[in-house]
Amino acid sequence: MTYQIVLIPGDGIGPEVTAATQRVIEATGLGIEWKTHLAGQIALDKLGSPLPAETLDAVKHAHATLKGPTATPSGTGFRSVNVELRQKLHLFANYRPARSLPGVPSRYENVDVITVRENTEGLYSGLEHEVVPGVVESLRVVTEMASERIARFAFETARRQSRKRVTCVHKANILKLSDGLFLRTCGRVAESFPDIAFDDCIIDAAAMKLVINPHVFDIMVMENLFGDIVSDLTAGLVGGLGLAPSANVGQGVAVFEAVHGSAPDIAGKGLANPTALMLSAVLMLRYLNEKDAADQIENAIRAVFARGEVLTGDLGGKASTQQFVDAVLAEMAKE
Ligand code: NAI
């Protein structure tokens, strides 16, 4: 079988980490037909739109998409390509695992926690308008349909991975209507999954608990902006953004990308840690049911870290992106 995979190189360190990840995927020997498409500023400059119709169409029809980070101008300019992509293709679930890697310096050991983030509504949608000069309003839309869909995804993930508990993270004590609906809906969905424990935690307390003892959580489900913030926090718990993968999943459409952004401070210098996107590719291969290829890459990455000799700058080492890729490829060749 030949998979058609859309590749969006993205901005900043995007082209460096996507090229690195392509190399390790190709080393698995899987048949892949890569289709490169543009998004973000470069697409705006060359094709007149930050998310051209041809990119959207290609993502929709591919087996999967591997995406580099795309920069979004702050406080001005075009709307986030990520938000647009997630909403237009109904990529309703954002799956963000944070798992400790052997040999990686971090505050805790054996962390294994998953953030399931609602990906299509909430504050992160950026529905804003100016009421009058000096007064703006942002809409935080929460629907029962999207809450139910994401809760189901969280419980199904728990069941598939033989996990024990789903925690709804929310602010329903203050946002009584919106997060009240989200919490109630999660509780209702939980009744269909009696084999999985369900509880809830207010977002501020959850942030504190995660920092003090991340082992108290298993799978956390939450609305969009909370998930955005909490998943950076959990990335920090296992060694930082250079290690955190993610999957945006809809009905038959999926986009795999790192949690991190375009890292303009290190772009073009060959210093980026490609692990986050490589682990996103592992999620992509599992989504495609290519378990052996996924294991091959994941085991090689873990073996490189376990030896602790090849670490990029974000982890306190001196290795370049290239040296890290070479180490992973050498490890894969051993298997
Ligand atoms: P960032 O994630 O790009 O960088 C934050 C810090 O982490 C920087 O010091 C950076 O050097 C470091 N870092 C991130 N990834 C790394 C890697 N792979 N290896 C080594 N160090 C790494 O966040 P920032 O600076 O807030 O955002 C930059 C741009 O990225 C913004 O325009 C933002 O909108 C965009 N962004 C895009 C995302 C996406 O396309 N999925 C996600 C997050 C941000």
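Between domain 1 and domain 2 of this predicted model, 12 residue pairs are in polar contact, with both residues of each pair at pLDDT 80 or more. The elements that give two or more residues to the side of domain 1 facing this contact are helix H4 (81-88), strand E4 (93-99) and strand E11 (245-249). Of these, E4 gives the most, with seven residues. Sorted by class, the side of domain 1 that touches domain 2 has 10 nonpolar, three polar and four charged residues.

Salt bridges make no part of this boundary: the count between domain 1 and domain 2 is zero. The structure as a whole nevertheless holds 24 salt bridges.

The two domains are not both single stretches of sequence. Domain 1 is made of residues 1-99 together with 243-335, and domain 2 runs over 107-237. Their centres, taken over C-alpha atoms, are separated by 24 Å. In the contact itself, 17 residues of domain 1 meet 23 residues of domain 2. The area buried between the domains is about 1700 Å², and carbon and sulfur atoms account for 54% of it.

Helix H4, one of the elements on the domain 1 side of the boundary, also contains a salt bridge within its own length. Glutamate 84 pairs with lysine 88, and the closest N and O atoms of the two are 3.0 Å apart. Both residues lie in H4, four residues apart, which is about one turn of the helix.

The ligand is the remaining part of the picture. A total of 21 residues surround the ligand, and the closest are Thr70, Gly261, Ala263, Asp265 and Asn273. Two of the polar approaches to the ligand involve its oxygen atoms. In one, an N or O atom in the side chain of asparagine 82 is 2.9 Å from a ligand oxygen. In the other, a backbone N or O atom of glycine 261 lies 2.7 Å from a ligand oxygen. A nitrogen atom of the ligand is approached by the backbone instead, with a polar backbone atom of asparagine 273 at 2.9 Å. Glycine 261 and asparagine 273 thus appear both in the list of closest residues and among the polar approaches, through backbone atoms in each case.

How values were computed. Residues are numbered from 1 along each chain as its sequence is written. This is a predicted model: local features need pLDDT of at least 70, side-chain atom pairs count only at pLDDT 80 or more; totals for chains, interfaces and linings use all residues. Side-chain values use heavy atoms; hydrogens and water are left out. Domain bounds come from an automatic or database domain assignment. Contact means heavy atoms within 4.5 Å. Buried area is the accessible area (1.4 Å probe) that two parts lose on being put together, summed over both. A salt bridge is a side-chain nitrogen of Lys or Arg within 4 Å of a carboxyl oxygen of Asp or Glu. A polar contact is a pair of N or O atoms within 3.5 Å; within protein, one must be able to donate a hydrogen and the other to accept it, and residues adjacent in sequence count only if both atoms are side-chain atoms. Ala, Val, Leu, Ile, Met, Phe, Trp, Tyr, Cys and Pro count as nonpolar, Asp, Glu, Lys and Arg as charged, and the others, Gly among them, as polar. A residue is near a molecule or strand if one of its heavy atoms lies within 4 Å of it.
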